[in-house]
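Biologist: Before I rely on any of the terms used for this protein, I would like to go through them one by one and hear what each rests on.

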Amino acid sequence: MSTGVEPQQVLARAREVVSSCTGFRDTAISPTAVDRVVRAELARGRSAAELMAELQRPGTPLARALLDAVLVGETYFFRHPEQFRFLASEAVPAALRRGNLVLRGWSAGCASGEETYSIAACLLGMAPPGVRVEVLGTDLHEGRLEYARRGTYGNWSRREAGPLLYPLYHDIAEGRVSVMDNVRAVTRFAQGNLLEPLAESFGSFDVIFCRNVLTYFSPDAVQTALGHLARALVPGGFLLLGTVEVDHPPAGLVRVGAPELQAFRRPMPQEQVPPPRPAYREPEPVRVAMRVPPPPARTPPPAPAPAPSPVRLHLEALQSIEGGDAAGAASTLEKLLEQFRDYIPGMLELALLRERAGAREAAFALMHTVRDIAARLPPDLIIQGPEPLPARFYRASADAFLTLGAIE
Ligand SMILES: C[S@@+](CC[C@H](N)C(=O)[O-])C[C@H]1O[C@@H](n2cnc3c(N)ncnc32)[C@H](O)[C@@H]1O
């Protein structure tokens, strides 16, 4: 007896289900994967009408089988290493400057967990004593999360394209590694769909990696997911996306670094609105006085302009950076350092600018000086910069920068 439902209709409905659960655009859904799942069900003797009815309900075993079949889980340790270098050289120092006692990372769309553990290893490598690390990995695919929680991997997770930037695993057998206990201890995994906001109980993050996920999404789904990601960042936190996933900064975020870095920052509340410039006002029209006015009160002579302080010049440089004028910022910092030769906050800033501009040697020379000066100071001595920070912060930042460069 014909039920009036054709297998082609089931296939079409299956694609709709996949698309609405994942956010994938239709062309990113593998027809062979969907076909395989539906044909397997038909081969088990189920009718097309039965499958169609199951596909009208959310979260059924058939819907899960379809998701498992279409979700691509390609990943490996320290994939796109330049983004981990950015994490170490920019995002972590920024979080420490905000006074964080915990560094929090989220790997959104973590697949089997290699990215999550890589973030955890990097944060652990960068955290000064007394600063904790917490990293969350989420994915839609429960099977991959189970694999991630086991924390043992084969050679496919370690590729040349992903250099081991921080200690992360140890060998357990030929071609098998296990994630180190200290890295596991700060990492946890949970199921989560990027089309929905992350549960508030997970808190907010200093850095979010969401890479090679949005590339499959429809334009609407990309916007939905970006909104959830941006809202999960702390002010001053960073979002790192895959290489070609967006061509504009997500709403509410600003681009940082070169476009190919795909790094975006949530501004601090005071940065949301650019500092108001004093508006130009037309002079008041001169009124003809009918009476002789009283003599003007004596006004005190104007106070002499304050001498430029290193912090004031440093803030000027930061404003240039925010305004996209890296060259202007570098020249302000150079002038600053001519006047205040030991001002290590400015030296660190200039080193990072040099590194971003590709002038590695100059960046290294500056970082060596930062380290040497900081090493001669008492570690807890507070250095006045845009934010007061102890000398040990500058030493740790320079050490991390120089060590990373050496591993490379
Ligand atoms: C190609 S892997 C990327 C893994 C890792 N981020 C990396 O770049 O190495 C994409 C992951 O995104 C997950 N994914 C796809 N759509 C998702 C969604 N709507 N919500 C959460 N995860 C999703 C997939 O299950 C898959 O594990």
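Modeller: This is a predicted model, and I would begin with the interior, where about 70 Å³ of space lies in the largest cavity. Of the eleven residues lining that cavity, the closest to its centre are Ala 88, Ser 89, Pro 93, Ser 397 and Phe 401.

Biologist: What makes this space a cavity rather than a pocket?

Modeller: A 1.4 Å probe fits there but cannot get out, whereas a pocket is an open set of points. The structure holds three cavities of 30 Å³ or more.

Biologist: Where does the largest cavity lie with respect to the domains, and why?

Modeller: Domain 2 (81-271) and domain 3 (310-407) both give residues to its lining, so the largest cavity lies between them. The largest share of that lining, four residues, comes from helix H14, and the lining residues divide into nine nonpolar, two polar and no charged.

Biologist: Turning to the sheet, which strands are called edge strands, and what makes them so?

Modeller: In the open sheet, seven strands follow the order S6-S2-S1-S7-S8-S10-S9, with mixed pairing. Strand S6 (187-191) and strand S9 (254-256) are the edge strands, because each pairs on one side only, and pairing requires at least two bridges between two strands.

Biologist: How do you know that S7 and S8 pair?

Modeller: Five bridges join strand S7 (residues 205-210) to strand S8 (residues 233-241), and since at least two bridges are needed, S7 and S8 count as a pair, running parallel. Within these strands, Cys 210 stands opposite Leu 241 in S8.

Methods. Residues numbered from 1 in each chain as written. Predicted model: local features only at pLDDT ≥ 70, side-chain atom pairs only at ≥ 80, totals over all residues. Heavy atoms only, no water. Helix = DSSP H or I, 4+ residues; strand = E, 2+ residues; numbered from the N terminus. 1 Å grid on protein atoms, 1.4 Å probe; cavity = no way out; pocket = protein on both sides within 12 Å on 5 of 7 lines; lining within 4 Å. Points joined across faces, edges and corners; volume = space filled by probe spheres on them. Nonpolar A, V, L, I, M, F, W, Y, C, P; charged D, E, K, R; others polar. Domains from an automatic or database assignment.
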